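Q: Please take a close look at how the interior of this model is packed, and then place that part within the rest of the chain. I would like the cut-offs behind the terms spelled out as you go.

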Amino acid sequence: APTAVTAFLVPEDSDKDVEEGKSGSDKHSASTSSSPIDRFTAIPVIVVGDSAGNVRTLVLDPALADTSDMGAKKRNKELFAQALGPKECGMKILPRLHSDVVRDVRYINDLRLLVTCSNDGLVKLVDVFKQSVREVFRSHAKQDDHATHVEWCRAGNYLATSGKRQLYLWDPFTLKVIDYIKNLSAVIVGHAIDDNARTLVVATCNKRITVYDMIDYTIRQTFFDSTIYKPLNELSAFVYLPHNRTIYTAGNGLTRWISEEVKSLEDGASVDERVDDVLCCLQNVTFRLSVVVTRYGVVSAYNTEDGTLMNCFSLILVDDINGRPLEPEIYDSETGLAVPVVSHALLDSLDRHLVIVTRDNQVQYWNIHSGACVRTMSPTIPNQLAALKHLPFEFTCATTLMIKKDNQSANGPNSGGFSSPGSVAAKRLLMLGTSLSYVVGYIDDAEFISVDPASCLSNINLPSGG
């Protein structure tokens, strides 16, 4: 049974061996000169691998690409039947190229070679038209591993082949391993290389997609396919389209992922297209959640175990009618950039609420599971009543003291002694350390009833005496 298939075009004058390969099939194919349109000169080739380790090659006529007239469909069927020949005698077979199932066949145009992968752990470089094996890569077989998929990196001139839980990056000319990625979390379903973005994308059967940097192979991004597949909740197929950076993942369904490049404000993008930077990532140990908070108010809660997105909500109130934010944007007067919505975020002591500090100096408590704001606090900020200016020194530290006149002190009634703050007349003393190695004290002349010693910081009139 067929287990791998590929189709590609080979330029007619790209290799002298092409004509030699075509000569064997000219008996069953139409002549190139008979093509109604001469511009179709590339040779179509179809390669099929099967479960017995055989690889079949079918070389077609270039005229098969012509679909310009009304009779193209009928003519192409005739050309295909002529190329295939009676009893498929026009198809070349490499019998038992592998000793196990052929998992992938891929033609690398830069190498002019066909690369085949198999469960026997061997990766073979095959000349399609000479029907001969050029080289064999055996690193997967030495590790008692399968060779399941191959990709070509044009930027680095190397091949990337995957096994069960590892990838080898190797030179096709010397067969030396350049680098490898091992011990992945699950069996690899497929991988792809984007030369323009300099990324290596790997998908595993546990529905995790990981994007690696092609320079140092560090992880750029990892995300989880939350689609539920039945009967097995696993990925079975993976396809990446580099030209528009689209990923397709499949189980018993198909999921499409699009990577959109966001413009920065300097490139003339609107406010809605700005880059939303991550402010912090908080670990909720109680509910096993990883909570990501961005500067513009987007909160995402992920399952720590498998990366599933549990909840996502915005901290900005939105109008239910037109979907626009109720709060207007605030812009910095100097830079002209929008001021981030969130300045700080943390979890409360019980891991039940997300505590947010907004740009308006509000403290908000949000329920992570429902995305609802359960409480809002607005701390009062004391106004400046007086100030000391143009002093010949700098203040390096400060503290406050409260002293009171207690008529019932240890020295007896009306002794005039001072003791700790109480519920009688008291004075506040502000002690300031200076850069000139001495301490300056300022005393407030207002007498008041002290209810809470901690309130001595509010409403201080400076200066009133020294």
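A: The answer starts with conventions, turns to the core and the strands around it, and ends with other parts of the chain.

This is a predicted model, in which local features need pLDDT of at least 70 and side-chain atom pairs count only at pLDDT 80 or more, while totals for chains, interfaces and linings use all residues. Residues are numbered from 1 along each chain as its sequence is written, and side-chain values use heavy atoms, with hydrogens and water left out.

The largest nonpolar core has 18 residues, and those touching the most other members are Val 291, Val 293, Val 299, Leu 315, Leu 354, Ile 356 and Ile 368. A nonpolar core here is a set of buried Ala, Val, Leu, Ile, Met, Phe, Trp, Tyr and Cys residues joined through side-chain atoms within 4.5 Å; buried means under 20% relative accessible area, exposed over 50%, and partly exposed in between, with a 1.4 Å probe and protein chains only. At least two residues of this core come from each of β20 (278-284), β21 (289-294), β22 (298-303), β24 (342-347) and β25 (353-358), where strands are DSSP runs of E with at least two residues, helices are runs of H or I with at least four, and both are numbered from the N terminus. Apart from this core lies another one, of 17 residues, among them Val 59, Val 105, Tyr 107 and Phe 129.

Ile 356 shows the surroundings of one core member in detail: leaving aside residues up to four places away in sequence, Ile 356 touches Val 293, Leu 315, Val 342, His 344, Ala 345, Gln 362, Val 363, Gln 364 and Trp 366, a contact being heavy atoms within 4.5 Å.

One of the strands feeding the core, β22, pairs with strand β23 (residues 309-314) in the antiparallel sense over five bridges; two strands count as paired if DSSP finds at least two bridges between them. Within this pair, Tyr 302 has Leu 309 of β23 as its bridge partner. The two strands form a hairpin with five residues between them, and Gly 307 in the turn has a positive phi of about 80°.

A second hairpin invites a parallel reading. Strand β13 (residues 188-194) has six of its seven residues buried, so β13 is largely enclosed by the rest of the structure. It pairs with strand β14 (residues 199-204) in the antiparallel sense over six bridges, with Ile 188 opposite Thr 204. Four residues separate the strands of this hairpin, in which Arg 198 takes a positive phi near 55°. Ile 188 also appears among the neighbours of Ser 162, a residue that touches His 140, His 146, Ala 147, Thr 148, His 149, Leu 167, Ile 188 and His 191 when residues up to four places away in sequence are not counted. Ser 162 lies in strand β10 and is buried, with a relative accessible area of 0%.

The loop before that strand offers a contrasting residue: Asn 157 lies between β9 (149-153) and β10 (158-162), has a positive phi of about 55° although it is not a glycine, and counts as partly exposed because its relative accessibility is 43%.

Further along the chain, three strands form an open sheet in the order β17-β18-β19, with antiparallel pairing. Its edge strands, each pairing on one side only, are β17 (237-241) and β19 (254-258). Strand β18 (residues 246-250) pairs with β19 over five bridges, and Thr 249 stands opposite Thr 255 in β19. In the loop between β17 and β18 sits Arg 245, which has a positive phi of about 55° without being a glycine and is partly exposed at 30% relative accessibility. In the loop between β16 (219-224) and β17 lies Pro 231, whose peptide bond from Lys 230 is cis, with omega near 5°.

Helix α2 (residues 72-84) has buried residues Ala 72, Arg 75, Asn 76, Leu 79, Ala 83 and Leu 84, and the buried residues of α2 pack against β3 (55-59).

For the chain as a whole, the secondary structure comes to three helices and 32 strands, and buried residues make up 40% of the 466 residues. Of the contacts with a separation of 6 or more, 42% join residues 24 or more positions apart.
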